[in-house]
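This report describes the salt bridges and the nonpolar cores of one protein chain. The sequence and the structure come first.

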Amino acid sequence: MSLKLVFRAFFLPALLLAVFNQSVYAEEDLWVTMQKTASAARELNYQGLFVYHNGATIRSVQITHMYEGGREFSRNVVLDGRPREVFSEGDDIVIFNAKNDKIVIEKRRGQNLFPAMLPTQLYPLKQNYKLKYVGQERIAGRLAQVIDMVPNDNLRYQYRVWSDAEYGLLLKMSMVDAQGHTLEQIGFNQVSMLQTKDLDWFQPKIDATKPYVMDDSTDLTHIEDNLVIANLPTGYKKVDQIQLKVQGKNTTVQQLIFSDGLASVSLFVEPIVKGMQARVGKKNMGSTNVYAHVLNGYQLVVVGEVPAQTVEQIAQQVTFKK
């Protein structure tokens, strides 16, 4: 019997069975890895340097993260361009932003900061993405499992995830369009585990030469109104609604936030007042798509790091209760 026949008779069936078994169990195992990755970003103590790429925008950020007493603490220091420090404790985020001759203090809430990009509840993602194992790569000197999150439809982008093989920490993540072009990428250049529980680093670098002022443009009060979005794109749900004060305007802007668990979209609604020029049309800025139109005397603008059809579909579904 030739070697080719021996291979077909004895080894090929075993190889096919192994591949079949791998495909059967792979996705369950991959979701376990994703769950570990979602938790690791929040529960591990680490520090490092990561770089964010989006089109021509490149930012280097120094991060320190600690989980202590059931609370998360992190500090992000932007190293390029205008000085900026971002502190988060749980869902509360405070930003120290250097603007001209002063430091503006801004408050935010519940944003998914790298590497905590994945939600801890993965059920919504399981409804909208399939996982595919790609292989292993080294990132920032550490071995990573590489997994593709492939969307079930054209209403969201594809993501590639590099998960630390030992700790599960998200080391790198990229966003890819339907043509395979990388739209956005963020990942560690350096990362190490923290061995201390000291929180002395959790404080801003005070510049005594400049005044510190609070930014009151964002009112984080939850509101309900007469807006109705009859049919959101498949897999998306409203996760928040806040009211914004825009500098130089007498009226407030409502912001509704939608998410599929990973991708997010914002709908901004404001009344069109005398002297205001209404905007209509669509625009693409790398991974971000914008769709603007007018309804019942209101300016509607939908913005998100999602495909163009997703923002347009949301904008076209808005109506007002009578």
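Seven salt bridges are counted in this predicted model. Three of the pairs are set out below, with the distance between nitrogen and oxygen.

| Acidic residue | Basic residue | N to O distance |
|---|---|---|
| Asp164 | Arg142 | 2.3 Å |
| Asp148 | Arg160 | 2.6 Å |
| Glu312 | Lys282 | 3.4 Å |

Asp164 and Arg142 form a salt bridge with their closest N and O atoms 2.3 Å apart. Asp164 belongs to strand E9 (residues 158–164) and Arg142 to strand E8 (residues 142–151), so this salt bridge ties together parts that are 22 residues apart in sequence. Asp164 is buried, at 3% relative accessibility, whereas Arg142 is partly exposed, at 22%. Arg142 and Asp164 also belong to a network of salt bridges that includes Glu166.

The side chains of Asp148 and Arg160 meet in a salt bridge as well. Asp148 is in strand E8 and Arg160 in strand E9, so the pair ties together parts 12 residues apart in sequence. Asp148 is buried, with a relative accessible area of 6%; Arg160, at 26%, counts as partly exposed.

Glu312 pairs with Lys282 in a salt bridge. This pair links distant parts of the chain, with Glu312 in helix H3 (residues 308–316) and Lys282 in strand E18 (residues 281–285), 30 residues apart. Glu312 is partly exposed, at 27% relative accessibility, and Lys282 is exposed, at 60%.

The nonpolar cores are considered next. In soluble globular proteins, nonpolar side chains tend to be buried together. The largest nonpolar core here holds 58 residues, and Met34, Met149, Met173, Phe188 and Leu267 have the most contacts inside it. Helix H1 (residues 3–43) gives the most to this core, contributing six residues. Because domain 1 (27–193) and domain 2 (217–320) both give residues to this core, it lies between them. A separate core of five residues lies apart from it and includes Phe87, Phe96, Ile103 and Ile105.

Which residues does Met149 touch, leaving aside those up to four places away in sequence? They are Met34, Leu118, Leu125, Tyr129, Lys130, Leu131, Gln158, Tyr159, Val161 and Leu262.

Some totals complete the description. The protein chain contains three helices and 21 strands, and 40% of its 322 residues are buried. Of the contacts between residues at least 6 apart in sequence, 49% join residues at least 24 apart. The accessible surface of the chain comes to about 18000 Å², with 51% belonging to carbon and sulfur atoms.

Notes:
Residues are numbered from 1 along each chain as its sequence is written. This is a predicted model: local features need pLDDT of at least 70, side-chain atom pairs count only at pLDDT 80 or more; totals for chains, interfaces and linings use all residues. Side-chain values use heavy atoms; hydrogens and water are left out. A nonpolar core is a set of buried Ala, Val, Leu, Ile, Met, Phe, Trp, Tyr and Cys residues joined through side-chain atoms within 4.5 Å. Buried means under 20% relative accessible area, exposed over 50%, partly exposed in between (1.4 Å probe, protein chains only). Helices (H or I, at least four residues) and strands (E, at least two) are DSSP runs, numbered from the N terminus. Domain bounds come from an automatic or database domain assignment. Contact means heavy atoms within 4.5 Å. Accessible areas come from the Shrake-Rupley method with a 1.4 Å probe; for residues, only the protein chains shown count as cover. A salt bridge is a side-chain nitrogen of Lys or Arg within 4 Å of a carboxyl oxygen of Asp or Glu.
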